[in-house]
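Work through the exercises below with the sequence and the structure at hand. Try each task before reading its solution.

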Amino acid sequence: MRAIGFKKHLSIDEKESLVEFETVKPSAKGHDLLVKVEAVSVNPVDVGVRKGGNSTLKKPKIIGWDAVGTVESVGEKVNLFKEGEQVFYAGSFKRSGSNSEYQIVDERIVGHAPKSLTIAQAAAMPLTSLTAWEALFEQLEIDPNNKKNNEKQTILIINGAGGVGSIAIQLAKWAGLKVIASASRPETIEWVTKLGADEVVNHRQDLVQEVRNLNYKYVDYILELNDLDGHWDEMAEIIKPSGRIASITENKRPINLRKLTQKRAKFAWEWMYTKSFYQTPDMITQHVILDEISTLLDQGIIKTTVNKTLSPITVANLKEAHKIVESNHMIGKVVVSSNDGYELMSETKK
C-alpha cells in the first residue's frame, strides 16, 4: 500500500519533511479493524511528532490521528463493526497513523461515522471530540445529563476557536453550562460566538480582569487549551472554591499547585491517548463517546468544526495542512480528503 511519513524531523518546507513510500498492507487480527482511509485531519500532535526529535529513523514513521474510512476486514474478536461500515476514529499513539491507504485500529476506540456529514466534515471530529468530551465530562466531572443544575454553572474555555475549543464550546452548551470562551481576533470572536459562547474574553489581555469585567468573580470550571504556564496564575485566581481546572497543554516550567490549596480546587490533565496507550479497562468508552458524538452531529445538536479542506490526499496537501496548523492561527480544523474513495497520489501523478 501507499503511505506518507517521514524519517527525519525537519521543517515542513524541507523536501523530506513528508515523503510518499510503499509499505506492507496490514492484516486485521483480534479486536482490530482494517480500514480503507478516505479522509484525515491534521492536528497539533502531528506537527509535534514530525518536528520533535533529532535522530534519523530506519523506516518512515506514519503519523495522522484522525480518519474516516470504510471497514475492509475485521479481526476474529471484533463484535462492534462489520465489513463495509463507514467509521471514524483518532487512533492510537503507539500504532501507525492514518496518513496511509489502509490502517489498523482497535474497534474499541472507533465510532460509526455520522451519516449526515461528508467524509471531510466527519474527519475533523474524532480527536477533538474525544478530548473535549473526556476533559469536560470525565476530568472536570460535569454531568451532561444534569442540565438543570448545570445552568447555574459557568465554564471558561481558554482558546475557544481552536480544534478542541470549537467542540468543547458546543458540548458545554449542550450540557447546559454558561460558556465564556477566550478569543483575540475579530474572526475568532465571531467563530466562538457562532458556536454558542455566551461571553467572549481576550486571552491576550489580563484574564482575571476580563472575567471580572463580565461581573464574574469566579468561574466553576476552566478548560485550558493554549498556554498552561502563561495562564496558571490567572486560573488560580478566578477558579471558584472547590472548582475544577483541566488542561490539555503541558507546562514547560513547574506550576505552583499550592495556589489551589486554600480554594481546595482540583487540577487534572487530559490526554486523549491515555486509554489506548495503556490499554485501560475503560478503553471501550471511546467507542461509546464517538457513537454519541455521531448521533449529536446527525441530530444537528453539534456542528462539524472543519474550516478548511484540501484534496486529494498528497504529500503537498499534507504539507500545506501542517503549515496551517503550525501558524497557530487556525480556526477550527483542517482536513485532507480524497476525491472519490481513497486516492493517495504521488507528486508525479497529480
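**Exercise 1. The nonpolar cores**

Which residues touch the most other members of the largest nonpolar core?

Solution. The model is a predicted one. Step one is the size of the set: the largest nonpolar core has 87 residues. Step two is to pick out the members with the most contacts inside that core, and these are Leu136, Ile155, Leu171 and Leu223. Step three looks at one of them. Leaving out residues up to four places away in sequence, Ile155 touches Leu136, Leu140, Ile142, Ala172, Leu177, Lys178, Val179, Ile180, Tyr221, Ile222 and Leu223. Step four turns to another core, which lies apart from the largest one and has 20 residues, including Leu156, Val201, Val219 and Leu228. As background, nonpolar side chains in soluble globular proteins tend to be buried together.

**Exercise 2. The parallel sheet**

Find the order of the strands in the six-stranded open sheet, and name its edges.

Solution. Reading across the sheet, the order is E10-E9-E8-E11-E12-E13, with parallel pairing. The edges are strand E10 (199-201) and strand E13 (266-269), each of which pairs on one side only. Neighbouring strands of this sheet are turned against each other by 20° on average, direction ignored. Now take one pair inside the sheet: strand E11 (residues 219-224) and strand E12 (residues 239-247) are joined by five bridges in the parallel sense. In one of these bridges, Glu224 is partnered by Ser247 of E12. Finally, helix H3 (residues 126-139) packs on the sheet and touches strand E8 (154-158), E11, E12 and E13. The direction of H3 makes about 150° with that of E12.

**Exercise 3. One residue of a helix**

Decide whether Ala135 is buried or exposed, and list its contacts.

Solution. First, locate the residue: Ala135 belongs to helix H3. Next, apply the cut-off, under which a residue with less than 20% relative accessible area is buried. Ala135 has a relative accessibility of 1%, so it counts as buried. Its contacts are Leu140, Leu223, Ala246 and Glu270, not counting residues up to four places away in sequence. Last, compare sequence with space: Ala135 and Trp269 are 134 residues apart in sequence, while their C-alpha atoms are 8.0 Å apart.

**Exercise 4. An enclosed strand**

Why is strand E6 described as largely enclosed by the rest of the structure?

Solution. Strand E6 spans residues 102-106, and five of its five residues are buried, so the rest of the structure largely encloses it. Then sort the residues by direction. Tyr102, Ile104 and Asp106 point one way, whereas Gln103 and Val105 point the other way. Such alternation between the two faces of the sheet is what side chains do in a regular strand. For pairing, E6 meets strand E3 (residues 32-42) in the antiparallel sense over five bridges. Within this pair, Ile104 of E6 is the bridge partner of Leu34.

**Exercise 5. Pocket and cavity**

Which helix gives the most residues to the lining of the largest pocket?

Solution. Start with the pocket itself, which holds about 1,600 Å³ of space. It is lined by 50 residues, and the closest to its centre are Pro44, Leu225, Asn226, Ile248 and Thr249. The elements that each supply at least two lining residues are helix H1 (44-51), H3, helix H5 (163-174), helix H8 (228-238), helix H11 (315-326) and strand E16 (333-337). H1 gives the most, with six residues. The buried residues of H1 are Asp46, Val47, Val49 and Arg50, and they pack against E3 and H11.

Now turn to the cavity. The structure holds one cavity of 30 Å³ or more. Its lining consists of Gly91, Ser92, Arg95, Ser96, Gln103, Ile104, Val105, Asp106 and Ile109.

**Exercise 6. Backbone details**

Where in the structure are Asn159, Ser242 and Pro312?

Solution. Asn159 sits in the loop between E8 and H5. Although not a glycine, Asn159 has a positive phi of about 80°. Ser242 is placed in strand E12; it is not a glycine either, and its phi is positive, about 70°. With a relative accessible area of 36%, Ser242 is partly exposed. Pro312 lies in the loop between strand E14 (306-310) and strand E15 (313-314). The peptide bond from Ser311 to Pro312 is cis, with omega near 0°.

Technical notes:
Residues numbered from 1 in each chain as written. Heavy atoms only, no water. Pairing = 2+ DSSP bridges. Helix = DSSP H or I, 4+ residues; strand = E, 2+ residues; numbered from the N terminus. Axes fitted to C-alpha atoms, helices over the stretch in contact; angles between N-to-C directions. Contact = heavy atoms within 4.5 Å. Core = buried A, V, L, I, M, F, W, Y, C linked by side-chain atoms within 4.5 Å. Buried < 20%, exposed > 50% of the residue type's maximum accessible area, 1.4 Å probe, protein only. 1 Å grid on protein atoms, 1.4 Å probe; cavity = no way out; pocket = protein on both sides within 12 Å on 5 of 7 lines; lining within 4 Å. Points joined across faces, edges and corners; volume = space filled by probe spheres on them.
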